[in-house]
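Trainee: I would like to learn how to read the features of this model. Could we take the sheets before the rest?

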Amino acid sequence: MNQQKIPATVITGFLGAGKTTMIRNLLTNAAGKKIALIINEFGDLGVDGEVLKGCGAENCSEDDIIELTNGCICCTAADDFIPTMTKLLEREQRPDHIVIETSGLALPQPLVAAFNWPDIRTQVTVDGVITVVDSAAVAAGRFADDHDAVEAARVEDNSLDHESPIEELFEDQLTCADLIVLNKTDLIDGDGLGRVKNEVASRIARKPVMIEARNGEVPAGVLLGLGIGTEDDIANRKSHHELEHEEGAPHDHDEFDSFVVELGAVSDPTGFIEKLKGIIAEHDVLRLKGFIDVSGKPMRLQLQAVGSRIDQYFDRAWAAGEARRTRLVVIGLREINQDAVRKAIEALVQG
Ligand SMILES: Nc1nc2c(ncn2[C@@H]2O[C@H](COP(=O)(O)OP(=O)(O)OP(=O)(O)O)[C@@H](O)[C@H]2O)c(=O)[nH]1
């Protein structure tokens, strides 16, 4: 039986950071995958929903864009978010990926915790939390382009149960992020970008996984892992080059690199995954996706990692006559040392 779960990505970031712009770009560049969008906006009254519905992307129809306007998604998860997810999962044509755009004031942690709800946990896997940062604002010593507007919205909003000052919210959104998108880099110079990177790094204890973007243009493979050929069929075996030139892809993205590592069976998947985390951190791997052949197990272990978040579950039995193997697609920045990553991963199964 196929027990494939639907990956869900949470996108956070302050008002005006560029979340909607990034998602809009994503919808026109989604490698033919069907995306459902849950948008939580209660401050700016359905504007983002209208913008996104208006983009006419085939893989995300108006029905697939669901707006939650009854309050902050992280404060009302049980009343609003969970029933919405349940309905989405009951649909005959289920999405390939769920994207949740939180309001700029949401705390990601409670939302991520909501994915542990019994009905949801069995059908959906949290792919990752992506936090979009307004680099121009941060370089100028603020967190948002209109800092006062964000603060005013926070103070005025009666539906917010949490009263974190804006700086704490910024830190929470960064701390929870598996991938940080430094957007609006067109508005700053190299020195400014350096300051932004330092500022972001100084606010989180662990090593942040950061990428730079203009107008939220990040390939769907990097952002959501879409179109990355982890399966064996030719249609899915898109090379790095092909991925960059998908129809509708805005630009070529020479700043990213992807490659495949193939291995034999893994006898200790827990130890393997733990060590894989170290390799991901050491080599700044942005995303890793694939499956593991676990010795002696009839099912294959599906694996997806965004930054240091790794999720794994047995998705289906190996078919009769199917060659069992471990296959991982690795995505990093252009500078990634392919050989070193490959050797490090290979060494994990060589005892
Ligand atoms: N110069 C520049 N402008 C950008 C970039 N990304 C987004 N913008 C602009 O910034 C403004 C805010 O972008 P949105 O995508 O609406 O931001 P958001 O995070 O969705 O904001 P809210 O939905 O209000 O929380 C828009 O006018 C965008 O056109 C960028 O990389 N560079």
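Mentor: Strands of a sheet pair through backbone hydrogen bonds, either parallel or antiparallel. Here, one open sheet of five strands has the order β8-β12-β9-β10-β11, and its pairing is antiparallel. Pairing requires that DSSP finds at least two bridges between two strands. Helices (H or I, at least four residues) and strands (E, at least two) are DSSP runs, numbered from the N terminus. This is a predicted model, in which local features need pLDDT of at least 70, side-chain atom pairs count only at pLDDT 80 or more, and totals for chains, interfaces and linings use all residues. Residues are numbered from 1 along each chain as its sequence is written.

Trainee: Which strands stand at the edges of this sheet?

Mentor: β8 (256-263) and β11 (309-317) do; each has a single partner strand, so one side of each is left without a neighbour in the sheet. On average, neighbouring strands are turned by 15° against each other, direction ignored. Axes are lines fitted to C-alpha atoms, for helices over the stretch in contact, and angles run from 0 to 180 degrees between N-to-C directions.

Trainee: How many bridges join β9 to β12?

Mentor: Six bridges join β9 (residues 285-292) to β12 (residues 326-333), and the two run antiparallel. G290 stands opposite L328 in β12.

Trainee: Which strands does helix α12 lie across?

Mentor: Helix α12 (residues 269-282) lies across β9, β10 (299-306) and β11, and runs at about 140° to β11. Helix α13 (residues 338-347) also packs on the sheet, touching β8, β9 and β12, with its direction at about 25° to that of β8. Contact between two residues means that their C-beta atoms, placed from the backbone, lie within 7 Å.

Trainee: What is the strand order in the open sheet of seven strands?

Mentor: The order is β3-β2-β4-β1-β5-β6-β7, with parallel pairing. β3 and β7 (210-212) are the edge strands, each pairing on one side only. From one strand to the next, the twist averages 20°. Four bridges join β1 (residues 6-12) to β4 (residues 97-101), and V10 stands opposite I100 in β4.

Trainee: Is helix α1 mostly covered or exposed?

Mentor: A residue is buried if 20 or more other C-beta atoms lie within 10 Å of its own, exposed if 12 or fewer, and partly exposed in between; C-beta atoms are placed from the backbone. α1 is mostly covered, with nine of its nine residues buried. The helix lies across β1, β2 (35-40), β4, β5 and β6 (179-183), at about 160° to β4. By contrast, T76 counts as partly exposed because it has 18 C-beta neighbours inside 10 Å. T76 is placed in the loop between β3 (65-68) and α3 (77-90).

Trainee: Which residues come nearest to the ligand?

Mentor: A residue is near a molecule if its C-beta atom, placed from the backbone, lies within 6 Å of it. Of the 18 residues around the ligand, G18, K19, T20, T21 and K184 come nearest. Helix α1 (residues 19-27) gives the largest share of this shell, three residues.

Trainee: Into which domains is the protein chain divided?

Mentor: An automatic or database domain assignment supplies the bounds: domain 1 (6-212) and domain 2 (230-347). Their contact takes 15 residues from domain 1 and 14 residues from domain 2. On the domain 1 side, strand β5 (residues 124-134) gives the largest share, four residues.
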